[in-house]
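I opened my notebook to work through this model from its sheet outwards. These are the entries, in the order I looked things up.

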Amino acid sequence: MDFTLEALTFENCDKAYEIDRADIPDAFVDDVPTLIATLKFGFENKLKGHAFLISKEGRSIGTILLGEGLYCENDPVELKDKPFYRLVFFVLDKNFRGKGLGSKILESTIEKVYNDFGIHPIVLGVHKDNEKAARFYLKNGFTKTTCMDGDDYCFIRNPKKEGIQMKEYKFYGWKTADCKPADPTYEKIQNPRHLYDILSEIWCEYTCAPRLREKWSRENQTVGQCSITAFLAQDIFGGKVYGILRQGGNYHCYNVVGDCVFDLTSEQFGDEKLCYENNPEQFRETHWQKTEKHERYNYLKAELLKKLEEL
């Protein structure tokens, strides 16, 4: 990409003041203090989504926020009681418009949000006199509605799922694994899919159960990792750990967080269908009776925290 999407945080949000938007009327786009207030609201309410600072050649050239929408009476009625995203604060420096960047940035942001949080409609407001923005969003798959919030028309984009390149995973429950961290220590982890991606760089022969190490390989990276992974996921997302009884009396562990059931290490079983209902709860106190297992868990956790420092 010829631009960079950097997570917009309270530490770097002042860079939004560097964006030259002098040609945009105040009525068309909210100011930077409102951007910061919106960012704070999203964090405090743990809304799903991404906020990005857009950079090019080391210069801050824009912002874009695409996150979980909260329905209000001015939104299209078909969105009531349904999940959707709201696009706000998509601003590009005037010196970087008209170069094809806008569409690329928009699609990259949508793809990241869809991959991390699921596929839902997107809405945004466009001022009734902002003809350039209206043309841009119409060109990029949005439809203008008759709904208005003050002077802003509501535009909506309904996803065509067949056209979205959503990353696929092999672990059980990946499509609905959308829970967020319950512990702020792990706030950089977006969801269990993101955790899987990070752990894929950590799982190794040492973190594998000793009795299964001869079966471990990079191609079969989740073998022997179930209990330490499930209890680490419990640290992050909360919920409970359950176990599926296997031959030999061992339990294969997986996670349940509310209505979300996921098994980050299920792919080791290939096409075998596991039963994720009516299984006994598992407790780390029992599993940690094996000293080596507790040591592997501590190693996995320590390596994860190192990775998070790099994000």
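**The sheet.** I traced seven strands in one open sheet, ordered β1-β2-β3-β4-β5-β7-β6, with mixed pairing. I took two strands as paired if DSSP finds at least two bridges between them. Helices (H or I, at least four residues) and strands (E, at least two) are DSSP runs, numbered from the N terminus. Strands of a sheet pair through backbone hydrogen bonds, either parallel or antiparallel.

I looked at the edges next. β1 (4-7) and β6 (143-149) stand there with a single partner strand each, so one side of each has no neighbour in the sheet. On average, neighbouring strands are turned by 30° against each other, direction ignored. For angles, axes are lines fitted to C-alpha atoms, for helices over the stretch in contact, and values run from 0 to 180 degrees between N-to-C directions.

**Ground rules.** The model is predicted: local features need pLDDT of at least 70, side-chain atom pairs count only at pLDDT 80 or more, and totals for chains, interfaces and linings use all residues. Residues are numbered from 1 along each chain as its sequence is written, and side-chain values use heavy atoms, with hydrogens and water left out.

**Around β6.** I followed β6 to β7 (residues 152-157); the two pair in the antiparallel sense over four bridges. Lys 144 has Phe 155 of β7 as its bridge partner. Helix α3 (residues 131-139) lies across β4 (85-92), β5 (122-127), β6 and β7. The helix runs at about 155° to β5.

**Two phi angles.** Most residues other than glycine have a negative phi, and most peptide bonds are trans. I noted Glu 57, with a positive phi near 55°. Glu 57 sits in the loop between β2 (49-56) and β3 (59-68). Is Glu 57 buried or exposed? Glu 57 is exposed, at 73% relative accessible area. Buried means under 20%, exposed over 50%, and partly exposed in between (1.4 Å probe, protein chains only).

Phe 89 also has a positive phi, about 55°. Phe 89 is in strand β4. Phe 89 is buried, with a relative accessible area of 10%.

**The cavity.** I searched for closed space on a 1 Å grid over the protein atoms alone: a cavity is a set of points where a 1.4 Å probe fits but cannot get out, and lining residues have an atom within 4 Å of a point. Grid points are joined across faces, edges and corners, and a volume is the space filled by probe spheres set on the points. I found one cavity of 30 Å³ or more. The largest cavity has a volume of about 60 Å³. Its lining includes Ala 16, Arg 21, Asp 30, Leu 35, Phe 89 and Val 91. α1 (32-44) and β4 are the elements that give two or more residues to this lining.

**Helix α4.** How many residues of α4 (192-199) are buried? I counted seven of its eight. Among them are Pro 192, His 194, Tyr 196 and Leu 199. The buried residues pack against α2 (101-117), α5 (226-237), β10 (260-262) and α7 (291-310). Contact means heavy atoms within 4.5 Å.

**Whole chain.** I ended with totals. The chain has seven helices and 10 strands. Of its 311 residues, 49% are buried. The C-alpha atoms fill a box of roughly 70 × 40 × 30 Å, taken along the principal axes.

Methods:
1 Å grid on protein atoms, 1.4 Å probe; cavity = no way out; pocket = protein on both sides within 12 Å on 5 of 7 lines; lining within 4 Å.
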